[in-house]
Amino acid sequence: MSLQNKLKEAFKVTTKNVTVEDYKKEAFKAFSQKGFPTTKDEEWKYTSLRSILKKDYGIEAAKTSSIAPEKIAPYLVDGVDSYKMVFIDGVFHPLLSDAIDEISMKLLSHAVEDASYENIFKTKYNSLAKGQSSLTDLNTAFTNEGVIIEVAKSKIVSKPIELVYFASGETTAMLLQPRNLIMVGENAQVKFIERHQSLSNVATFTNAVTEVFVAQNGIFDLYKVQNDKEDASLVDATFVSQERDTIASVYTFSFGGNITRNNLSFYQNGSGCDSVLNGVTILKENQLVDNHTLVAHQSPDCQSNETYKGVYGGNATGVFNGKVIVDQVAQRINAYQQNDSLLISDKATINSKPQLEIFADDVKCSHGCTIGQLDKSALFYMQQRGIPKSEAEALLTFAFCSDAVKDIKIPGLKRKINQLMADKLEVNIQFDELS
C-alpha cells in the first residue's frame with residue numbers, strides 16, 4: 001500500500017476544538033487532492049522524495065519509552081546555558097526538559113482543549129502555513145503535538161531555548177510531524193536552537209512546520225542544526241511574519257542526513273523590518289540538501305540579507321532557490337542575496353536559482369550566484385609554506401564558509417558549528433578560545 005493511501009486510511013480527527021478540526025479536515029482534503037510533491041512540480045524539480053516514500057512508516061501516534069539523559073547529551077549544545085525542551089517520537093518528555101518561567105509555553109495537545117487559546121487558533125495558528133504546499137497541509141492534518149510559545153511584551157529571555165526532537169528508533173520506520181507556533185511580543189527578544197535527530201539507524205521522515213510572529217520592535221533568532229544519520233530525511237517549513245521595526249534571523253546549518261528540504265519564508269508587514277537568512281551546507285557521499293527561501297518585502301524602508309554557502313563532495317547534490325519579491329509599496333528597501341558553492345568532487349552537483357521580482361522603483365536589490373572550485377593560486381601559496389595539500393584544501397574550504405557563521409550570537413553554538421564544519425572537512429582546528 002502506498003504511503004498516501006495508508007495516510008487516507010489512518011486519518012481521523014480526535015480534537016474537540018472546532019477551529020482545529022476544520023483546519024485538519026480542510027488540510028487533509030487539500031493533501032489528498034495534491035498528493036506528495038514530485039519532480040514534475042517546478043518547486044521540486046531537483047529533489048525527489050521517491051526513495052523516502054517507499055518506506056513502510058508507522059502512522060499511529062507514538063508511545064515513547066524512557067530514554068536516559070546520557071543518550072541525548074551528545075546532541076545538545078555543549079558550553080551553552082540554555083533551556084531544553086525535548087520531544088521523543090513526537091511526545092514531549094518533561095523529565096528531560098526544563099521548566100521555563102520566562103515564557104508562556106503550552107503543548108499543542110493541551111492548547112486545543114483550552115478555551116483561552118481559541119483566539120490564537122483563529123488568528124495565528126495555520127495562518128502562514130495554510131495551503132503553502134501539500135506537505136504543510138499533511139502536517140496540519142496529522143500533527144498531534146508541538147509547542148505554542150508566547151514571549152511577553154518587553155521580555156528579554158535570558159537563555160537560548162533548545163527545541164530538540166528525537167526519533168528513538170525503537171519501532172519500524174517513523175513518520176514524525178511536529179508543529180510549533182512562536183509569538184514574540186512587542187519589544188521582546190528570544191533565541192532558539194532547533195534540532196531533529198535520530199538515535200538509531202531506523203529510517204525516519206520528519207515533516208516539520210513552524211510559524212513565527214514577531215511583534216513591533218521584537219528580536220527573534222533561530223538556529224537550525226541539521227546533522228542527522230544517513231537514513232534520516234527532513235522536510236522543514238518555517239514561516240516568519242514581521243511587524244514594524246523587527247529583526248528576525250534564521251541560520252541553517254546542514255551537514256548530515258539523507259534528504260533535507262528547507263522551506264524558509266519571511267513576510268515583512270511593517271516598515272523598518274530587518275530579515276537575515278544565512279546557511280552553510282557541507283555534504284559528501286549521496287546526501288541532498290535543498291534550500292528554498294522567500295523574502296516578501298511588503299512594506300517600505302526595510303532590508304534583507306541572505307548568504308548561503310555550500311560545499312559538495314562525493315555524489316552529493318545541492319539545490320538553492322532564493323526568491324525575493326518586492327511589492328509596489330515597498331519603496332526604499334535594500335535586499336541582498338548571495339549563494340556561493342564549491343564542488344570538490346567531479347560527481348557532485350549544484351542547482352542554483354536566485355530570483356528577484358521587483359514591482360517598486362526606488363530600491364536597492366542585488367543577487368549573485370557563484371559555482372566553482374578552490375583557488376589554485378591560494379592552494380599553491382599554502383603548499384609552498386609547508387602546509388600539506390589536503391589540509392590546505394580543508395582550510396581554504398573552511399574559510400569559504402565562515403561568512404555565514406561569523407554573526408552567530410551564541411558563543412557556545414558558534415564553537416559547535418565551527419567544530420562540526422571542521423570535522424566534516426576533516427581539518428584539525430581547535431575552537432576553545434573562539435568567542
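**Cavities and salt bridges in a predicted model**

Q: How many cavities of 30 Å³ or more does the structure hold?
A: The model is predicted, and the count takes in cavities of 30 Å³ or more. The largest cavity has a volume of about 120 Å³. With that lower limit, the number of cavities in the structure is three.

Q: Which strands give two or more residues to the lining of the largest cavity?
A: The lining of the largest cavity consists of 15 residues, and those nearest its centre are His196, Gln226, Asp228, Leu234 and Thr260. By class, this lining has three nonpolar, eight polar and four charged residues. The elements that give two or more residues to the lining are strand E8 (189–198), strand E10 (219–226) and strand E11 (232–242).

Q: Is Asp137, which meets Lys34 in a salt bridge, buried or exposed?
A: The side chains of Lys34 and Asp137 meet at 2.9 Å, N to O. Lys34 lies in helix H2 and Asp137 in helix H7 (residues 134–142), so this pair ties together parts that are 103 residues apart in sequence. Lys34, at 45% relative accessibility, counts as partly exposed. Asp137 has a relative accessibility of 4%, and because buried means under 20%, Asp137 counts as buried.

Q: Which residue forms a salt bridge with Lys159?
A: Lys159 lies in the loop between strand E4 (146–151) and strand E5 (161–167), whereas its partner lies in the loop between helix H4 (69–72) and strand E1 (83–88), so the pair ties together parts that are 78 residues apart in sequence. The partner is exposed, with a relative accessible area of 53%. With the closest N and O atoms 3.3 Å apart, the partner of Lys159 is Asp81.

Conventions: Residues are numbered from 1 along each chain as its sequence is written. This is a predicted model: local features need pLDDT of at least 70, side-chain atom pairs count only at pLDDT 80 or more; totals for chains, interfaces and linings use all residues. Side-chain values use heavy atoms; hydrogens and water are left out. On a 1 Å grid over the protein atoms alone, a cavity is a set of points where a 1.4 Å probe fits but cannot get out, and a pocket is an open set with protein on both sides within 12 Å along at least five of seven lines; lining residues have an atom within 4 Å of a point. Grid points are joined across faces, edges and corners, and a volume is the space filled by probe spheres set on the points. Helices (H or I, at least four residues) and strands (E, at least two) are DSSP runs, numbered from the N terminus. Ala, Val, Leu, Ile, Met, Phe, Trp, Tyr, Cys and Pro count as nonpolar, Asp, Glu, Lys and Arg as charged, and the others, Gly among them, as polar. A salt bridge is a side-chain nitrogen of Lys or Arg within 4 Å of a carboxyl oxygen of Asp or Glu. Buried means under 20% relative accessible area, exposed over 50%, partly exposed in between (1.4 Å probe, protein chains only).
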